[in-house]
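The paragraphs below walk through one structure, starting from a turn between two strands and ending with the cysteines. Please keep the model open beside the text while reading.

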Amino acid sequence: LVLFGSIIGLLQYVFRPVRLINQGEAIVIERHGVFNREGTAGWCWVWPFFDRVRRVEWRYYVESHTSLGTPTTSLEVFRSERIPVTGCVHATVPFACQTADGAVFSVALTQPYDVISVKRAAYVKHLFLSLDAQLRSETMAAASALTHEKCDAHTLEEVLRSRLGNLKWASQNGLQLGACSVSSFKYTFDAALTGSSSSSSKPRTTKKSAGALAVTSRDDALA
């Protein structure tokens, strides 16, 4: 019985460093605290005492509602050694933008992406917050060049896709951005536009199905 237990213990020690990486995921293996190699789908060996798998901690915004139905925004954290690399989607919470003629609207975006460089992405400390800030900045810049008559969900999508296509997210952060889409769009006109025609001064709302945020394997990794 003692011999059997010893054999089981030895087998556990021998095979403990072996990691099975799922399809669509990857890990970053460090040796002595610095990047050594990437582990992709399949079996991966992590040497005891020398290697360790890097654990990412990326914060992101989520929207929830109070018991009275008031929307609130909070930060959550994705913590994991396994980084999803394909079919990922980042969704922003609704934020305010203003057109060139002072009309204010609320918009939320859905941004698909693939991780094409796990090494680069794993070492970006605030990956999701950086992507969120970039999407907000580009949306505000696009809206500021349009009047409220020309600014709608479809036009905003076209302008954003053109603007985001010129960014260097692939080379700088390891993400290949897909076609950005508007998941919700609602106008709230400024007082300066009250003189507009009644047909144009009514709030316009466009809603699309919102995508899931970024990472499909977050369930076991949330704080």
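Strand 6 and strand 7 form a hairpin with five residues between them, and glycine 69 in this turn has a positive phi of about 90°. Helices (H or I, at least four residues) and strands (E, at least two) are DSSP runs, numbered from the N terminus. This is a predicted model, in which local features need pLDDT of at least 70 and side-chain atom pairs count only at pLDDT 80 or more, while totals for chains, interfaces and linings use all residues. Residues are numbered from 1 along each chain as its sequence is written, and side-chain values use heavy atoms, with hydrogens and water left out.

The two arms of the hairpin, residues 56-65 and residues 71-80, pair in the antiparallel sense over ten bridges, where pairing requires that DSSP finds at least two bridges between two strands. Within this pairing, serine 64 stands opposite threonine 72 of strand 7.

Turning to helix 3, residues 127-144, its 18 residues reach 26 Å from the first C-alpha to the last, close to the 26 Å expected at 1.5 Å a residue, the expected span being 1.5 Å times one less than the number of residues. Among its buried residues (under 20% relative accessible area, 1.4 Å probe, protein chains only) are Leu127, Phe128, Leu131 and Leu135. The buried residues of helix 3 cover an arc of only 135° around the axis, which puts them on the same side of the helix; the arc is that of the directions from the helix axis to the C-beta atoms.

Lastly, the count of disulfides, meaning pairs of cysteine sulfur atoms within 2.5 Å, comes to zero. Cysteine 44 is buried, with a relative accessible area of 10%, and cysteine 180 is buried at 1%.

Conventions. Buried means under 20% relative accessible area, exposed over 50%, partly exposed in between (1.4 Å probe, protein chains only).
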